[in-house]
Amino acid sequence: MIYFTSTRNQNMKTSFDEALLNGLSPDGGLYVPTRNPYPDQIFYSSNYLETAQNILIPFIHKYPNTEHIIREAFPFSPKLVNMYENLWVLELFHGPSHSFKDYGVSFLAAVLDQKATENNIEITVLTATSGDTGSAVARAFHGKTNLRAVVLFPAGRISEIQRRQITTLGGNIVPVEVAGSFDDCQRMVKKAFNDREVADNLVLTSANSINIGRFLPQLTYYAYAVGLLHDMKIDPVFAVPSGNFGNLAAGLFAWFWGLPVKHFIAATNANDTIPLYLKTGNYQPKPSVQTISNAMDVGDPSNFERIKFLFQDTSLSLSANVSGTSVNDENTLKTIKEIYEKTNYVADPHTAVGLKAAIDYQKASDDPVVVLSTAHPGKFPDTVKEATGRDIELPENLRRLRFLNESSVNIENTYGALKVFLLNI
Ligand SMILES: *Cc1c(COP(=O)(O)O)cnc(C)c1O
């Protein structure tokens, strides 16, 4: 059995199920496994589903139908695309909401569904979103009879496509439009989790990216990419477009547990807290600044605590194995344009941040690099058009959204308003 401990107190020991429902450890730390789940050898192969099953089964093996759960969670898979010679893009946007967040959220929904059904309870997921998380949650939870998702989003501050992804499903998806900012939404959600009265009424959990149910499935595609390249005798470098650093943290855990990876590149936009930390050793959180790769606008990334935990008490050096690059908006646009002109490939702005970091890395190295592509370019049509002059087609399920009816609950920007709503759903 794999247990979990807290990054802030290693005497603590928690089961997978409890960590899943708690989200955050009661001491404020993040959950991490107490030991290497793959004592023999971490599995990697060129078959995605087989890789996902082998990586995730150690955590859920006591559930009935484990293989079924994983097959249900991943009806989509990553695609490895060669740009030129030594540069690849690993497309992680073929899931229902077209961002890599589908991997984490889909697995989270599948295991919560199993737990709710087994215990005959209804579980409510409460989440605040600045866009991508909410749309992934809405799609993954929709139609699951024992689960309900309450998604708070700031009125007028998420893109139209993102809003429609959340508001057009209905049923067990409950969109709540808050007359405030994303930070206001997040504050309200935090208060709800600490409110006894709410806890007495609902089995509440969070779909936040620190939840281990979202964290663990992110190991699977690193192992799959390594499996694909292994036949060519390549141990790749991974360049990871990063914001809250859950994605990179997962890659580092996989490597720590034996996945053959040569090096990692932490690619950020102008929110450069981690690249600066890697250079100076000084962690200086700052308020986030707005960029064209807005899902990465994070000034104080919460998953970084897992990365620091991984390297503490080891002789391994974080800065020797991870390099950081910050890419501004101007260079992001330039990279979309240059890659398009050179290869005909259209990258979204988040992927372009990773591509730029990879291209800079390869100026001084022949190492093969795989850039994680975190979003479909069709989600950012204006930016892509500005860079390439080209109109980009939306994926079919996003194009259809325009013709569907929207519905959401509007509440004012106070915790009281959310509480009244939660006590009456
Ligand atoms: C969330 C997100 C990221 C950042 O991922 P982290 O795990 O928070 O570092 C990057 N790109 C896209 C498109 C995202 O939605």
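This briefing covers the ligand site, two sheets and two residues with positive phi. The model is predicted. Around the ligand there are 15 residues, and the protein covers 97% of the 390 Å² of accessible area that the ligand has on its own. One open sheet has six strands, and another open sheet has three.

**Ligand site**

- Among the 15 residues around the ligand, those that come nearest are Lys-101, Asp-132, Gly-243, Asn-244 and Thr-374.
- By class, this shell consists of seven polar, six nonpolar and two charged residues.
- The side chain of Thr-374 has an N or O atom 2.8 Å from a nitrogen atom of the ligand.
- An oxygen atom of the ligand lies 2.9 Å from a backbone N or O atom of Asn-247.
- For Gly-246, a backbone N or O atom is 3.2 Å from an oxygen atom of the ligand.
- With the protein in place, 97% of the ligand's own accessible area of 390 Å² is covered.

**Six-stranded sheet**

- The strand order in this open sheet is S4-S5-S13-S10-S11-S12, and the pairing is mixed.
- Strand S4 (79–84) and strand S12 (322–326) are the edge strands, and each pairs on one side only.
- From one strand to the next, the twist averages 25 degrees.
- Strand S11 (residues 263–268) runs parallel to S12, and five bridges join the two.
- Thr-268 has Ser-326 in S12 as its bridge partner.
- Helix H11 (residues 246–256) packs on this sheet, where it touches strand S10 (237–241), S11, S12 and strand S13 (369–373).
- The direction of H11 makes about 175 degrees with that of S11.
- Gly-246 and Asn-247, whose backbone atoms lie 3.2 Å and 2.9 Å from a ligand oxygen atom, fall within the residue range of H11.

**Three-stranded sheet**

- The second open sheet has the order S2-S1-S3, with antiparallel pairing.
- Strand S2 (9–14) and strand S3 (31–33) stand at the edges with a single partner strand each, so one side of each has no neighbour in the sheet.
- The twist in this sheet averages 40 degrees from one strand to the next.
- Strand S1 (residues 4–6) is joined to S2 by two bridges, and the two strands run antiparallel.
- Phe-4 stands opposite Thr-14, which is in S2.

**Backbone angles**

- Most residues other than glycine have a negative phi.
- Asn-65 has a positive phi, near 60 degrees, and is found in the loop between helix H2 (48–60) and helix H3 (66–73).
- Phe-245 is not a glycine either, yet has a positive phi of about 70 degrees.
- The loop that holds Phe-245 is the one between S10 and H11, and both of these elements are in the contact described above between the helix and the six-stranded sheet.

Key
Residues are numbered from 1 along each chain as its sequence is written. This is a predicted model: local features need pLDDT of at least 70, side-chain atom pairs count only at pLDDT 80 or more; totals for chains, interfaces and linings use all residues. Side-chain values use heavy atoms; hydrogens and water are left out. A residue is near a molecule or strand if one of its heavy atoms lies within 4 Å of it. A polar contact is a pair of N or O atoms within 3.5 Å; within protein, one must be able to donate a hydrogen and the other to accept it, and residues adjacent in sequence count only if both atoms are side-chain atoms. Accessible areas come from the Shrake-Rupley method with a 1.4 Å probe; for residues, only the protein chains shown count as cover. Ala, Val, Leu, Ile, Met, Phe, Trp, Tyr, Cys and Pro count as nonpolar, Asp, Glu, Lys and Arg as charged, and the others, Gly among them, as polar. Two strands pair if DSSP finds at least two bridges between them. Helices (H or I, at least four residues) and strands (E, at least two) are DSSP runs, numbered from the N terminus. Axes are lines fitted to C-alpha atoms, for helices over the stretch in contact, and angles run from 0 to 180 degrees between N-to-C directions. Contact means heavy atoms within 4.5 Å.
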